[in-house]
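Welcome, and thanks for taking a look at this one. Please have the viewer open as you read, and follow along at your own pace.

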Protein chains: 2
Amino acid sequence: MSAIQKNVEAASEAYSSTFTKGHLVLPPAKKYLVLTCMDARIDPASAFGIELGDAHVIRNAGASAVDALRSIVISEQLLGTQEIVLVKHTGCGMLTFTNEDAYGIVEKNLGSEASAELNKLKLDFLPFPELEQAVKEDVKFLQESKLVPDSVTVSGWIYAVETGKTKRVV
Amino acid sequence: MSAIQKNVEAASEAYSSTFTKGHLVLPPAKKYLVLTCMDARIDPASAFGIELGDAHVIRNAGASAVDALRSIVISEQLLGTQEIVLVKHTGCGMLTFTNEDAYGIVEKNLGSEASAELNKLKLDFLPFPELEQAVKEDVKFLQESKLVPDSVTVSGWIYAVETGKTKRVV
């Protein structure tokens, strides 16, 4: 067992020994979802004030709304979510490369079979060159999507990894 | 401003006022990623023992490895991740419907334009009928993917929302 796996087991032992929330039900109690980045420097529960059971939390590279659409539709159509809080952040890795760069790195590191797989999947890494603009575009994408009804409120925010502060953009 | 937006602002004010982790860098310090479900009843940091800055956290409906592939490739190829901890959970919404059900619900709730959009995107909601089998299949998918090198360790786990306990499956 790896050190990381041992850490999961130890944390779980501690967490479950004082756990008192086994009664919570499947749909989020406060009917909202937070979409943010996978970045290691973000703790959504603390930074954005999410109590256990209150909200879906979707995380992917860059907090991409396009990438999250499957999960968002499930959240609002099957589990009652009525509001989306989208949070990108300063210092995001998605600001630092292009699709061409990523395809080149995969080919160099993993070889031609991996490269062929990327091409077959037509994988778009969805990087973005400017942060605030990317927040606005993702909010617009959700507001204009036929799969997100107008009754769902969407807001866009930026979390600063340097200060721990979250500010609304749109 | 909605009550949920006000809550984000209040939480951010409190969190940033005692924030001391502004020095953390982009790549995850412990070089691993946790992939888990968006379910509101999961707090990955506490339940799985993730310290701020240590690991990428990817979350989507059902903790789908297929859906997370873009983020996983970015994490291991661009940001140095060498281990994947995949955690699905008991009581998951993905056990409760089929793609056909979801397409029917979208058409009924949102109408023919939304339905046409789903068909155009060929959106696969990636539900699964059996939990432990789904963990095993997702781990196998990652182990066999050309985009995840053999040097990356992959383990699969189940979190019990009733007890707060995480157990390894594979």
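Which residue follows α4(B), and what is the sign of its phi? The residue is B:Gly111, and its phi is positive, near 90°. Please keep in mind that this is a predicted model. The points below start with the helix that precedes this glycine, then turn to two other backbone spots and to how the chains are related.

**Helix α4 of chain B**

- Helix α4 of chain B runs over residues 99-110, twelve residues in all.
- From its first C-alpha to its last, α4 of chain B reaches 16 Å, which is close to the 16 Å expected at 1.5 Å a residue.
- Three residues make up the buried set of α4(B): B:Ala102, B:Tyr103 and B:Val106.
- These buried residues lie on the same side of α4(B), because they cover an arc of only 100° around the axis.
- If you turn to the face of α4(B) that points away from the buried side, you will find the exposed residues B:Glu100 and B:Lys108.
- The cover over the buried residues of α4(B) includes elements from both chains: α3 (69-78) of chain A and α5 of chain B.

**Positive phi outside glycine**

- B:Ala63 is not a glycine, yet its phi is positive, at about 55°.
- You can find B:Ala63 in the loop of chain B that links β2 (55-60) to α3 (69-78).
- Is B:Ala63 buried or exposed? B:Ala63 counts as buried, because its relative accessibility is 0%, and the cut-off for buried is under 20%.
- B:Leu126 also has a positive phi, near 55°, and is a residue other than glycine.
- The loop that holds B:Leu126 lies between α5 (112-121) and α6 (131-144) of chain B.
- With a relative accessibility of 21%, B:Leu126 counts as partly exposed.

**How the two chains are related**

- Chain B superposes on chain A through a rotation of 180°, with 0.0 Å of shift along the axis and an RMSD of 0.0 Å.
- This is the relation of a two-fold axis.
- Which C-alpha of chain B is nearest the axis? That of B:Arg59 is, at 2.3 Å from the axis.
- Of the interface residues of chain B, 99% are also interface residues in chain A, so the copies meet through the same surface.

Key:
Residues numbered from 1 in each chain as written. Chains lettered and ligands numbered in written order. Predicted model: local features only at pLDDT ≥ 70, side-chain atom pairs only at ≥ 80, totals over all residues. Heavy atoms only, no water. Helix = DSSP H or I, 4+ residues; strand = E, 2+ residues; numbered from the N terminus. Buried < 20%, exposed > 50% of the residue type's maximum accessible area, 1.4 Å probe, protein only. Expected span 1.5 Å × (residues − 1). Arc of directions from axis to C-beta. Contact = heavy atoms within 4.5 Å. Least-squares fit on C-alpha atoms with pLDDT ≥ 70 in both.
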